[in-house]
Amino acid sequence: QVQLVESGGGLVQAGGSLRLSCAASGRTLINYAMGWFRQAPGNEREFVAGISASGGNTRYADSLKGRFTISRDNAKNTVYLQMNSLKPEDTAVYYCAAKFAYTSYSWYGNAYEYDYWGQGTQVTVSS
């Protein structure tokens, strides 16, 4: 079992930045691809960013390219999401997720592919 705990959310003004962290326990993340998803009220959970187990491959939702950066520190068993130039439409609960990966270079963009989820952290961007 992998336990994931997100942190770093909060209230920020439009144009500001936040860095979310996702700390894992129970197992090392070295064999897991990781992803960040978000869900706003009334909306479905949507893919934000994904990173391969090695960290060598990353993918982003098209609408977020250039503003968000996913990274990982396997030594710290932690994944990060740096969010810049935040907009009110980025307001949502942000979740990190882990998927056991059979290759070091695979990433995953669908929520159903992931095995473990954190409880989420709220990000609110005011205009």
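Which residue in β8 stands opposite L20? Select L20 and look across to β8, where L81 stands opposite. The structure on display is a predicted model, and the tour below starts from this pair of residues.

**The four-stranded sheet**

Extend the selection to the two strands themselves. Six bridges join β3 to strand β8 (residues 78-83), and the two run antiparallel. A further pair to display on these strands is A23 with T78, the latter in β8 and opposite A23.

Next, add β1. Five bridges link β1 to β3, again in antiparallel fashion. Within this pairing, select Q3, whose bridge partner in β3 is S25.

With β7 added, the whole sheet can be shown: an open sheet of four strands in the order β1-β3-β8-β7, with antiparallel pairing. Its edge strands are β1 (3-7) and β7 (68-73), each of which pairs on one side only. Viewed along the sheet, neighbouring strands are turned against each other by 15 degrees on average, direction ignored.

**The disulfide**

Now select C22 and C96. A disulfide joins these two cysteines, with an S to S distance of 1.9 Å. A search of the whole structure finds one disulfide. C22 belongs to strand β3 (residues 18-25) and C96 to strand β9 (residues 92-100), so the bond ties together parts that are 74 residues apart in sequence. The torsion about the S-S bond is about 50 degrees, so this disulfide is right-handed. Colour by accessibility, and both C22 and C96 prove to be buried.

**The nonpolar cores**

Which residues have the most contacts inside the largest nonpolar core? Select L4, M34, W36, L81, M83 and Y94; the core to which they belong has 31 residues. L81 is thus the residue already seen opposite L20. At least two residues of this core come from each of β3, β4 (32-39), β5 (46-51), β7, β8, β9 and β11 (121-126).

Apart from this core lies another, of seven residues, including A33, F37, F47 and Y108.

Centre the view on Y94 and display its surroundings. Leaving out residues up to four places away in sequence, Y94 touches E6, L20, W36, F37, R38, V48, F68, L81, M83, G120, T121 and V123.

**A buried arginine**

Move to R67, in the loop between β6 (58-60) and β7. Is this arginine buried or exposed? Its relative accessibility is 12%, under the 20% limit, so R67 counts as buried.

Show the side chain of R67 together with D90: a polar contact of 2.8 Å joins the two side chains. The side chain of R67 also reaches the backbone oxygen of S85, at 3.0 Å. To display the full environment, select Q82, M83, N84, S85, L86, K87 and D90, with which R67 is in contact once neighbours within four places in sequence are set aside. M83 also appears among the residues touched by Y94.

**An exposed tyrosine**

Finally, select Y102, in the loop between β9 and β10 (116-117). At 74% relative accessibility, over the 50% limit, Y102 counts as exposed. How many ångströms separate the C-alpha atoms of Y102 and S126? Draw a distance between them: the separation is 41 Å, for residues 24 apart along the chain.

How values were computed: Residues are numbered from 1 along each chain as its sequence is written. This is a predicted model: local features need pLDDT of at least 70, side-chain atom pairs count only at pLDDT 80 or more; totals for chains, interfaces and linings use all residues. Side-chain values use heavy atoms; hydrogens and water are left out. A disulfide is a pair of cysteine sulfur atoms within 2.5 Å. Buried means under 20% relative accessible area, exposed over 50%, partly exposed in between (1.4 Å probe, protein chains only). Two strands pair if DSSP finds at least two bridges between them. Axes are lines fitted to C-alpha atoms, for helices over the stretch in contact, and angles run from 0 to 180 degrees between N-to-C directions. A nonpolar core is a set of buried Ala, Val, Leu, Ile, Met, Phe, Trp, Tyr and Cys residues joined through side-chain atoms within 4.5 Å. Contact means heavy atoms within 4.5 Å. A polar contact is a pair of N or O atoms within 3.5 Å; within protein, one must be able to donate a hydrogen and the other to accept it, and residues adjacent in sequence count only if both atoms are side-chain atoms.
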